[in-house]
Amino acid sequence: MKKPVIDISECVLCDICVELCPDVFIKNQAGYIEVAECFSEYIENHLNKNGYSSLNTDDSKKRALIKYIEEDVNDIIKSCRGDCISWGEKTETENI
Ligand code: SF4
């Protein structure tokens, strides 16, 4: 699965991303926005909450949930005032 990345040089610190999805977008101690290191863990926790025990490429329902999360992030990308969030390199779960 892809992971969102932030160009902090363009970030205007509007906090929309943190308000809409605080598990993925966090404000660090320096006051800058960053994507949680545990993004893939967040995905897995979200799947677990919905009754799935692990990530598996064979399960279309899991794919649908991941797609749902990606759409949430896409909505945040559209809402970002600094136009500075994008999808970055794929993570260790890229085959999901
Ligand atoms: S929505 Fe965009 S501009 Fe606003 S705090 Fe998040 S990354 Fe920065």
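A residue counts as buried if 20 or more other C-beta atoms lie within 10 Å of its own, as exposed if 12 or fewer do, and as partly exposed in between. By that rule, buried residues make up 14% of the 96 residues in this chain. The model is predicted.

**Confidence and fold**

The mean pLDDT of the chain is 81. A score of at least 70 is reached by 82% of the residues. Confidence varies between elements. Helix 1 (residues 16-20) has the highest mean pLDDT, 94, and helix 2 has the lowest, 73.

The chain holds three helices and four strands. Read from the N terminus, their order is β-α-β-β-α-α-β. Contacts often span long stretches of sequence: of those between residues at least 6 apart, 64% join residues at least 24 apart.

**The core**

Seven residues form the largest nonpolar core: Cys17, Val24, Phe25, Ile33, Val73, Cys80 and Ile85. In soluble globular proteins, nonpolar side chains tend to be buried together. Val73 is one member of this core. Beyond residues up to four places away in sequence, Val73 touches Pro4, Cys21 and Val24. Val24 belongs to the core as well.

**Around the ligand**

The ligand has 15 residues around it. Cys11, Cys14, Cys17, Cys80 and Gly82 come nearest. By class, the shell divides into twelve nonpolar residues, two charged and one polar. Two of the nearest residues, Cys17 and Cys80, also sit in the largest nonpolar core.

**The loop before helix 1**

Valine 12 lies in the loop between strand 1 and helix 1. Valine 12 is exposed because 12 other C-beta atoms lie within 10 Å, and 12 or fewer is the cut-off. Its partners come from far along the chain. Leaving aside neighbours within four places in sequence, valine 12 is in contact with Arg81 and Gly82. The C-alpha atoms of valine 12 and arginine 81 are 6.8 Å apart, although 69 residues separate the two in sequence.

Aspartate 15 is found in this loop too, between strand 1 (2-6) and helix 1. Its phi is near 70 degrees, a positive value in a residue other than glycine. Aspartate 15 has 14 C-beta neighbours inside 10 Å, so it counts as partly exposed.

**The loop after helix 3**

A positive phi also occurs at aspartate 83, at about 50 degrees, although this residue is not a glycine. Aspartate 83 lies in the loop between helix 3 and strand 4 (85-90). It is exposed, because 12 other C-beta atoms lie within 10 Å.

**Helix 2 and the loop that follows**

Leucine 47 lies in helix 2 (residues 39-49). With 21 C-beta neighbours inside 10 Å, leucine 47 passes the cut-off and therefore counts as buried. Glycine 51 lies in the loop between helix 2 and helix 3 (60-79). Glycine 51 has 8 C-beta neighbours inside 10 Å, which means that it counts as exposed.

Both residues can be placed against lysine 62. The C-alpha atoms of leucine 47 and lysine 62 are separated by 7.0 Å. For glycine 51 and lysine 62, the C-alpha to C-alpha distance is 9.7 Å. The table sets out these pairs, along with the one from the loop before helix 1.

| Residue pair | Separation in sequence | C-alpha to C-alpha distance |
|---|---|---|
| Leucine 47 and lysine 62 | 15 residues | 7.0 Å |
| Glycine 51 and lysine 62 | eleven residues | 9.7 Å |
| Valine 12 and arginine 81 | 69 residues | 6.8 Å |

Notes: Residues are numbered from 1 along each chain as its sequence is written. This is a predicted model: local features need pLDDT of at least 70, side-chain atom pairs count only at pLDDT 80 or more; totals for chains, interfaces and linings use all residues. A residue is near a molecule or strand if its C-beta atom, placed from the backbone, lies within 6 Å of it. Ala, Val, Leu, Ile, Met, Phe, Trp, Tyr, Cys and Pro count as nonpolar, Asp, Glu, Lys and Arg as charged, and the others, Gly among them, as polar. A nonpolar core is a set of buried Ala, Val, Leu, Ile, Met, Phe, Trp, Tyr and Cys residues joined through C-beta atoms within 7 Å. Two residues are in contact if their C-beta atoms, placed from the backbone, lie within 7 Å. Helices (H or I, at least four residues) and strands (E, at least two) are DSSP runs, numbered from the N terminus. pLDDT is the predictor's confidence in each residue, from 0 to 100.
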